[in-house]
Amino acid sequence: MSDQTTSSATEQDRVKIFDTTMRDGEQSPGASMTLDEKIQIGSLLDEMGVDIIEAGFPIASEGDFEAVREVARIVENASVCGLARAAFGDIERAAAALEVAKKPRIHTFIGTSPLHRKYQLDMNEEQVLEKIDATVRRARALCDDVQWSPMDATRTEPEYLVKVVDCAIKAGASTINIPDTVGYAVPGESAEIIAMLLEQVEGARGVTFSTHCHNDLGMATANSLAAVLAGARQVECTINGLGERAGNAALEEIVMALKVRNDRMPYQTGVISQHLMRASRLVSSVTGFAVQYNKAIVGQNAFAHESGIHQDGVLKNAETFEIMKPEDVGLSATNLVMGKHSGRHALKDKLKNLGFEVGDNQLNDVFVRFKALADRKKEIYDEDIVALMDDATTSAGHDRIKVKFLRVICGTEEPQSADLILEIDGVDHQKTANGDGPVDAAFNAIKALVPHAARLKLYQVSAVTQGTDAQAEVFVRLEEDGRIVTGQAANTDTLVASARAYVNALNKLLVRRGKSALTTDLDGAISA
Ligand code: KIV
Ligand code: ZN
């Protein structure tokens, strides 16, 4: 392990967590987020103690620009970062989006590997160096905190990597991020690159080295930790490992690995690990990307013990088979069952236990939903309450379309049909439609009342708990002109959840289309 002699001991031990869920994470096909959702995620990341939040790529679209600006506006403690290619236009746009940030950071990058130089940039080594010098200087003129990345660093010739990093530092970058863009590196190599740069680049000791690993070979977390052991003091990661292709290093894995194995990796992050579960659920419900059951740290089975030997051991002493406590990642210690006699106070306590701080208004709203659920379902588990919260998060009070009534006829006799009333802008509209099965019938009724060209990209149902009275959680993803939105809803009635998830997606689509198109389309729908 190399030591950075110019830093104090405490700085030495501190690993900054750079979250890129809203930038690299959002680049996963289908994982798009609305402005409201980005604000929610941004404020949770800030509350969690993440050091830097990469909120988007401002030049990419108006939506991205606005998201970076609004996240920058609400974030109190973390630095907020905007991504920019090696182009003045990108850099200026990022600076404009970050104008209101308390701690702005511009992150600019360019491909440096032979493949990227030849096929992406059509530039030689000298030209790339000139571009780095000019763009990092431009970024520094607009922002004191500049991060620079050589894209595809792990496939860049080591001698050339030294040159480009040296150039970026001389031009004013204070964080040098080393991306394993295609998830090609192995841990020893990841460590060697950082150690080599720390040793060979003249100004290396005065900057922070960062690691950014993709998970194509399933080694993103291992590669990131190897880089930390070699001297990197910033890790770029995403909640649930969301990201391009196989994703990025998972934030929850990095944080918990550094915490649980502090004996081997004596470094601290500022992340409050008790918020990890909540962040995982929020990102999953916003994107519709379910967390696999056996996902490390935040998977449903991560703390479940099935075999008799394990259960027996855990009952006698949890440490026999548990290397961390469920409470440390924000799972409540006990999955206390609640029911229709549980009061508002018990619900507030339970929510707090699950990591949700709610104000009086939100508590009132969730309590009404909780009582309605308790009327239909005898025992309410933690997962039910989380689903209720997800539902409350995604279905905002200002939605223009609401499911008012749904009755479905289904079974062995055809046709299956759905009788639906939607409230659109405060006015009820009714339609009966047939379909190939009850879900199809309900969706056809929705399409008849709100005509649209959006294509259904995902319809996903899962049971929140066990038992035939379990709530169904439904995700619906729609795509229209490149805009992708994901709707979510939970209900003990799968058909009601399906219709509400579809309508939730439509409401988001209307917001994404922008105000003028929204009025025309919806007016057309109503008169149709
Ligand atoms: O993977 C990558 O190279 C990136 C860069 C933009 C840092 O995401
Ligand atoms: Zn990346």
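Me: What covers the buried residues of H9?
Reply: This is a predicted model. H9 has eleven residues, and nine of them are buried. Two helices and three strands are named in the cover, which includes H8, helix H10 (251-260), strand E6 (175-180), E7 and strand E8 (234-237).

Me: Which residues of H9 are buried?
Reply: H9 is mostly covered. Buried means under 20% relative accessible area. Within H9 that holds for Ala220, Thr221, Asn223, Ser224, Leu225, Ala226, Ala227, Val228 and Ala230.

Me: At roughly what angle do the axes of H8 and H9 cross?
Reply: H8 brings Pro187, Ser190, Ala191, Ile194, Ala195 and Leu198 to the contact. H9 meets them with Ala222, Asn223, Ala226, Ala227 and Ala230. The crossing is right-handed. The axes of H8 and H9 come within 8 Å, and the crossing angle is roughly 30°.

Me: What phi does glycine 231 take?
Reply: Glycine 231 sits just after H9. Its phi is positive, at about 130°.

Me: How are H7 and H8 oriented to each other?
Reply: Helix H7 (residues 158-171) and helix H8 (residues 187-200) have axes 10 Å apart, at an angle of about 55°. Angles under 35 degrees count as roughly parallel, and 65 to 115 as roughly perpendicular. The H7 and H8 pair is therefore oblique.

Me: Which residues of H8 make the contact with H7?
Reply: The crossing of H7 and H8 is right-handed. From H7, the contact uses Pro158, Leu161, Val162 and Val165. From H8, it uses Ile193, Met196, Leu197 and Gln200.

Me: Which residues coordinate the zinc ion (ligand 2)?
Reply: The donor residues are spaced D-x187-H-x1-H in sequence. Their distances to the zinc ion are 2.0 to 2.1 Å. The donors are Asp24 (OD), His212 (NE2) and His214 (NE2).

Me: How many residues apart are aspartate 24 and histidine 214?
Reply: Aspartate 24 is in the loop between strand E1 (16-19) and helix H2 (35-48). Histidine 214 is in the loop between strand E7 (208-213) and helix H9 (220-230). Both residues are buried. The pair links distant parts of the chain, with a separation of 190 residues.

Me: What is the omega of the cis peptide bond at proline 415?
Reply: Most peptide bonds are trans. Proline 415 lies in the loop between strand E9 (401-409) and strand E10 (416-424). The bond joining glutamate 414 to proline 415 is cis, with omega about 0°.

Me: Is asparagine 240 buried or exposed?
Reply: Asparagine 240 is in the loop between E8 and H10. Its phi is positive, about 65°, although it is not a glycine. The cut-off for buried is under 20%. At a relative accessible area of 16%, asparagine 240 is therefore buried.

Me: What does aspartate 425 count as, by relative accessibility?
Reply: Aspartate 425 is in the loop between E10 and E11. Phi is positive here too, near 50°. Buried ends at 20% and exposed starts over 50%. With 39%, aspartate 425 therefore counts as partly exposed.

Me: What distance separates the C-alpha atoms of glycine 437 and threonine 465?
Reply: Glycine 437 is in the loop between strand E11 (427-435) and helix H16 (438-449). It is buried, at 14% relative accessible area. Threonine 465 is 28 residues away along the chain, and the C-alpha separation is 24 Å.

Methods
Residues numbered from 1 in each chain as written. Chains lettered and ligands numbered in written order. Predicted model: local features only at pLDDT ≥ 70, side-chain atom pairs only at ≥ 80, totals over all residues. Heavy atoms only, no water. Donors = N, O, S within 2.8 Å, 3.2 Å for Na, K, Ca; no water. Helix = DSSP H or I, 4+ residues; strand = E, 2+ residues; numbered from the N terminus. Buried < 20%, exposed > 50% of the residue type's maximum accessible area, 1.4 Å probe, protein only. Axes fitted to C-alpha atoms, helices over the stretch in contact; angles between N-to-C directions. Parallel < 35°, antiparallel > 145°, perpendicular 65-115°, else oblique. Left-handed = near helix turned anticlockwise from the far one by under 90°. Contact = heavy atoms within 4.5 Å.
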